Amino acid sequence: MRWKGILLMAVLILSVVAAGCISGDGSETSTSGPKEATLIVFHAGSLSVPFQQLEEEFAKYAEENLGYKITFQDEASGSVAAVRKVTDLGKKADIVAVADYTLIPQLMIPNYTDFYVIFATNEIVIAFTDKSKYADEINSDNWYEILSRDDVSFGFSDPNQDPCGYRSVMVMKLADYYYGKPIFETLVEKNTNIYFNGTHIVAPKEIQIKNDRVVIRPKETDLTALVESGSLDYYFIYKSVAEQHGLKYIELPNEINLKDFKMADYYGKVQIYIGSTEKVIRANPIVYGVTVPKDAPNRELAMEFLKYLLSEKGKEIFQKNYQDFIWLPVAFGNVPDEIKDMVTVEG
């Protein structure tokens, strides 16, 4: 019955071939099509708009040039929260991109990554709409007086979770020195339990709000809808986010807006203790950073995405979204060979 054995073998071969062409849900898959992969991205809320566009463009590039159909799993949050997902919660990510690059060397090196790249800058502004009280009155000289009025509400993000939050508080302390008035006490200490202890600002682990004039949310972009709807008058936000959402805003003097690299020493006289990390952060010009963690689930593709971010294409996308790009980007630590020719290496 040799022919029966041959027939059985043929049936088995056909079964295996069929199984390879039918997915678990019964849909047919092509063995010659692009492979599928997912990239997990933890990023600052202020990077949401440029990263969405960057991911769309990279997905096209990856399918055409790398043979991969990429799906992105994004988690936008405050940058402190983004880093702590990796360091405290043990979550895995392919890319971690933060609004304050110093969080990477402070909290992630050496256990979770061994390099990072600085790639973009920003500045703090005060954003509002025509619905905001005294919208036709506020300017770069009287903003603190407007925000101190009893019928005006304003907001900033949680310093424990988000760099824009602790930067906003720093801006109000720097304003003390620039204007020679007790602006920090009036706007921060009277409305929250954040205080100045004589040497630095203290942001307790649990932020408390003393009245309904101030609104604090986990990340700065959480406040955008409140301002757009008119339920919040003003908020401290990055200029790029204000521009992306078509909000009105006032620019602050370079001495307090954390934009000017020449003012770094001046900014540095303000420091803040962050209760959630038990770290003291010195005010610095705003610089964004990115890394690929050591245990990235899809490290090879993550490096391809990082290369795309650091390329002329990434620069173009950021500039279209009103955010200045550092050119060339600057890399620190054990810089991977894949990006060495795209960055300035600084140790």
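Two strands count as paired if DSSP finds at least two bridges between them, and strands themselves (E, at least two residues) and helices (H or I, at least four) are DSSP runs numbered from the N terminus. With that in hand, strand S5 (residues 124-128) pairs with strand S10 in the antiparallel sense over four bridges.

A word on the model before going on. This is a predicted model, in which local features need pLDDT of at least 70 and side-chain atom pairs count only at pLDDT 80 or more, while totals for chains, interfaces and linings use all residues. Residues are numbered from 1 along each chain as its sequence is written, and side-chain values use heavy atoms, leaving out hydrogens and water.

**Around strand S10**

S10 covers residues 234-238, and five of its five residues are buried (under 20% relative accessible area, with exposed over 50% and partly exposed in between; 1.4 Å probe, protein chains only). Tyr234, Phe236 and Tyr238 lie on one side, with Tyr235 and Ile237 on the other. Besides S5, strand S6 (residues 154-157) joins S10 through two bridges, running parallel. Here are three strand pairings side by side:

| Strands | Sense | Bridges |
|---|---|---|
| S5 (residues 124-128) and S10 | antiparallel | four bridges |
| S6 (residues 154-157) and S10 | parallel | two bridges |
| S4 (residues 115-121) and S15 (residues 325-333) | antiparallel | five bridges |

Tyrosine 235 in S10 stands opposite alanine 127 and also opposite glycine 155.

**The open sheet**

S4 and S15 belong to an open, mixed sheet of seven strands in the order S2-S1-S3-S14-S4-S15-S16. Its edges are S2 (68-77) and S16 (344-345), each pairing on one side only. Where S4 meets S15, tyrosine 116 stands opposite phenylalanine 332.

**Two domains and a core**

The domain assignment, automatic or from a database, gives domain 1 (35-121 + 287-345) and domain 2 (124-282). Their centres, taken over C-alpha atoms, are 27 Å apart. The contact (heavy atoms within 4.5 Å) takes 22 residues from domain 1 and 21 residues from domain 2. About 1,700 Å² is buried between them, 59% of it from carbon and sulfur atoms; this is the accessible area (1.4 Å probe) that two parts lose on being put together, summed over both. Val80, Gln106 and Tyr322 supply 27% of the area that domain 1 buries against domain 2.

The largest nonpolar core (buried Ala, Val, Leu, Ile, Met, Phe, Trp, Tyr and Cys residues joined through side-chain atoms within 4.5 Å) has 113 residues, and Phe119, Trp143, Phe236, Leu306 and Leu309 touch the most other members. Helix H6 (residues 163-179) gives the largest share, nine residues.
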